[in-house]
Structures are given as C-alpha cells and as structure tokens.
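Biologist: Hi! Could you pull up the model so we can go through it together?
Modeller: Sure, here it comes.

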Amino acid sequence: MLRPLAALTGWHVARRRAQFLRGERPIHRPPVPVVVIGNIYVGGTGKTPVVIATVQELRERGWTPGVVSRGYGAKIGPQPRVGHGELNPADVGDEPALIAHATGAPVAVHPRRALAAQVLLEQYPQTDVIVSDDGLQHLALARDVEFVVQDERGVGNGRLLPAGPLREPASRLQSVDVIITNCSTHDATPPGPAVPPPTPGDSSAQRAPAGHTGPRQADMHLQPDGARHLQTGEHRPLSDFARPTVFENVAAAAGIGNPGRFFATLRAAGVQPMACMPLPDHYDYQRSPFDALPAEAILITSKDAIKCRGFADARLWEVPVQAQFSDPTLFDWLDKYLRQAAIALR
C-alpha cells in the first residue's frame with residue numbers, strides 16, 4: 001500500500017538531484033576539498049565514529065580538518081554556531097559536541113551545510129579540508145569525496161520511504177566513492193545473547209553492491225576502549241564490569257540510533273548487564289532517566305556521556321569505542337585523492 005508513496009519519494013529525489021546537476025539550484029564550492037560522510041538508510045549506521053576517525057587520520061597526514069554538521073536537536077537560528085573543544089550539546093547537538101570533544105577540530109553547525117562551511121572557513125581560515133557529518137543528500141554543498149556508512153541491514157528491503165528505509169535508491173551506492181560497512185555486533189532485543197553479523201549472501205541483510213569498478217569498500221569494527229568514570233576520569237578495563245567481586249550489579253543505557261548494538265558489544269566483551277535501557281536517538285537528558293536503575297555501575301555510550309556530564313551520578317561510566325577498518329590503505333588513498341583535489345582548486 002505504501003509503494004505509490006515510495007514512488008513519489010523517488011520522483012522527488014530524482015527531480016531534486018537533476019535540478020542541481022543542471023545548475024537550476026545553486027551549489028556552493030568551498031575553496032578547500034570536502035569529504036561527505038553520510039548514508040542512504042534512515043537512522044543510525046555508525047557515521048559519527050567514521051567522522052571522528054577521518055578527522056584524526058587526516059590530521060596525522062598533515063591536514064587541518066574542520067567539520068560541518070546539521071546540529072540535530074539544537075535550535076541553531078539563522079546563523080551557524082561555530083566552536084571547538086568542549087561545546088555544549090544543547091547549543092550544537094550531541095554528535096557535533098562529541099566530534100569536537102574527541103578530535104579538537106573546529107565544528108560549524110547549521111541545517112544549511114553550505115552556509116556552515118562558509119562561516120567555518122571565515123572563523124578558522126587555517127582549515128584546509130572540510131568533513132561533513134552526514135549531508136549526503138545536501139547537494140547544495142559541493143563535495144570531492146562521498147563516504148556511505150551502512151550496517152548489517154544493508155539496504156533493507158531496498159525500497160524508498162515510506163515503503164522501506166531508504167532516503168535514496170540503492171543504485172545511489174554505485175556513484176559514491178567509499179562504502180564502509182559497520183560490522184559491529186548487532187542485537188536489537190536486549191538482554192540476550194549477542195547476534196553475529198550476517199554472513200555474505202544472507203538475503204536478510206542485503207549488502208551494498210560489490211562493484212569491482214565501483215566504490216572502494218571497507219568493513220569497520222568498533223572496539224570498546226575500556227570504561228571511563230564520568231565524574232573522576234578514572235579508567236577501568238571492561239573486564240572489571242564482568243566480575244561481581246568488583247561491580248555486583250551493572251546496567252547499561254544507550255540513546256543512539258541502534259541501542260541494541262551497544263548492549264551486544266558489552267556482552268561480546270564479557271559484560272552481562274542486569275538491565276539494559278534503550279533510549280530514543282538524540283535523547284535530550286533534560287532529567288536523568290537512571291534513577292530507577294538499581295545498579296552499582298551504569299555503562300553508557302560516548303554520545304550519551306557528552307550530555308550526562310552535569311549529572312551528580314557516580315554510577316555513570318562512559319564506554320568509548322575505536323573504529324578499526326579492514327582496508328589499511330583507506331586513508332592513505334583519501335590523503336592522496338584530496339591532495340590532487342586541493343591542487344585542482346588552486
């Protein structure tokens with residue numbers, strides 16, 4: 001019954017893209033290379049760890065990256081908000097605040113990413129490459145490289161909204177430069193045993209087309225890096241939370257696009273939470289939801305931790321993750337590609 005509406009979505013997407021390609025809508029071309037990291041699947045697929053890793057890898061190769069983002073959940077106003085370091089999630093959104101905290105890079109947020117890019121370069125003129133957090137469909141910002149991040153769900157049933165989970169047709173994947181598949185363990189029904197990623201060929205999770213001459217492809221695994229106490233900064237290995245002699249009762253909470261993935265990651269590390277609290281993505285934490293949890297320690301994601309720093313709850317521990325990629329030359333390739341793009345822009 002929803003297929004006619006999905007067809008309407010497809011018509012709108014194709015028409016809008018054609019208008020940009022024909023020059024009927026303006027495209028802002030920044031004077032520096034632009035890397036867009038987005039997805040075609042609605043919801044969380046793991047873009048933020050890829051953005052953070054990309055910024056860090058580019059910096060290691062001599063670049064001075066800046067980040068633009070929509071600032072989801074924050075009331076931005078007519079002008080972009082720009083800053084670096086410790087930013088208030090209420091002012092810029094949780095993901096931009098986390099990216100700024102994790103990388104130290106300047107971040108500009110506004111629904112119009114082209115405007116955000118302009119103001120970013122005005123206030124941080126040393127920026128020589130822009131990484132766009134999401135924005136694959138924001139065609140008003142010119143880009144040199146497109147990354148798509150997907151997870152084990154692939155393209156789902158392959159249909160556009162509202163008949164399926166896709167913002168753009170699955171064929172869009174053939175026109176991007178890089179496809180990263182988040183292979184972190186997934187389990188959408190906490191608590192319970194961790195469910196491994198589907199094996200290649202599993203029809204229940206259609207991966208992006210392999211395309212020998214198409215996009216470069218890499219798998220990503222998110223590895224937990226112990227736990228950090230939110231109030232004191234104390235660091236402990238996750239194995240401590242699996243030992244009842246250290247922490248008798250452990251709970252977990254996550255306000256991300258796919259909370260089950262976080263809970264499964266903990267279980268894969270040997271931690272068996274006595275309670276798991278899935279929260280809506282971008283949960284605002286105006287009030288603490290943890291009061292009802294009778295736990296000695298509560299493990300939360302970095303995206304949640306950035307908004308919970310003001311809570312006087314000594315039970316909260318952040319579990320940072322590090323992105324690891326199956327392609328060891330991915331960012332060397334990106335570095336070389338961007339250097340060629342920078343020369344062409346001069």
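Biologist: Let's begin with the largest cavity: how do its lining residues divide into nonpolar, polar and charged?
Modeller: Keeping in mind that this is a predicted model, the lining of the largest cavity has six nonpolar residues and three polar ones, with no charged residue.

Biologist: Which residues are they?
Modeller: The cavity is lined by N39, I40 and Y41, then V148, V149 and Q150, along with G154, V155 and L173.

Biologist: And how much space lies in there?
Modeller: About 40 Å³ in the largest cavity. With a threshold of 30 Å³ or more, the count comes to one cavity.

Biologist: Okay, pockets next. How much space is in the second largest pocket?
Modeller: The second largest pocket holds about 290 Å³. Its lining has 16 residues, and P89, A90, D284, Q286 and K307 are the closest to the centre.

Biologist: Which elements give two or more residues to that lining?
Modeller: Those are α3, residues 89-92, and α7, residues 302-308.

Biologist: What's the mix of residue classes in this pocket?
Modeller: Seven of the lining residues are nonpolar, five are polar and four are charged.

Biologist: Switching to helices. How do people usually describe two packed ones?
Modeller: By the angle between the two axes and the distance between them.

Biologist: Then at what angle do α2 and α4 cross?
Modeller: Helix α2 (residues 47-60) and helix α4 (residues 94-103) cross at roughly 30 degrees, and their axes come within 10 Å. Angles under 35 degrees count as roughly parallel, so α2 and α4 are roughly parallel to each other.

Biologist: Is that crossing left-handed or right-handed?
Modeller: The α2 and α4 crossing is right-handed.

Biologist: Which residues meet there?
Modeller: On the α2 side you have T48, V51, I52, V55, Q56 and R59, and they meet E95, L98, I99, A102 and T103 of α4. By class, this contact of α2 with α4 has six nonpolar, three polar and two charged residues.

Biologist: What about α2 and α8, what's their packing angle?
Modeller: α2 packs against helix α8 (residues 330-345) at about 65 degrees, and the axes are 10 Å apart. Angles of 65 to 115 degrees count as roughly perpendicular, so α2 and α8 are roughly perpendicular to each other. The crossing of α2 and α8 is right-handed.

Biologist: Who makes the contact in that pair?
Modeller: T54, E57 and L58 come from α2, while F331, L334 and L338 come from α8. The contact of α2 with α8 divides into four nonpolar residues, one polar and one charged.

Biologist: Last topic, the backbone. What is generally expected for phi and peptide bonds?
Modeller: Most residues other than glycine have a negative phi, and most peptide bonds are trans.

Biologist: Where is there a cis peptide bond here?
Modeller: Between L161 and P162, with omega at about -5 degrees. P162 sits in the loop between β6 (145-151) and β7 (178-182).

Biologist: And which residue other than glycine has a positive phi?
Modeller: D134 has one, with phi near 70 degrees. D134 is in the loop that runs between β5 (129-133) and β6.

Technical notes
Residues numbered from 1 in each chain as written. Predicted model: local features only at pLDDT ≥ 70, side-chain atom pairs only at ≥ 80, totals over all residues. Heavy atoms only, no water. Axes fitted to C-alpha atoms, helices over the stretch in contact; angles between N-to-C directions. Helix = DSSP H or I, 4+ residues; strand = E, 2+ residues; numbered from the N terminus. Parallel < 35°, antiparallel > 145°, perpendicular 65-115°, else oblique. Left-handed = near helix turned anticlockwise from the far one by under 90°. Contact = heavy atoms within 4.5 Å. Nonpolar A, V, L, I, M, F, W, Y, C, P; charged D, E, K, R; others polar. 1 Å grid on protein atoms, 1.4 Å probe; cavity = no way out; pocket = protein on both sides within 12 Å on 5 of 7 lines; lining within 4 Å. Points joined across faces, edges and corners; volume = space filled by probe spheres on them.
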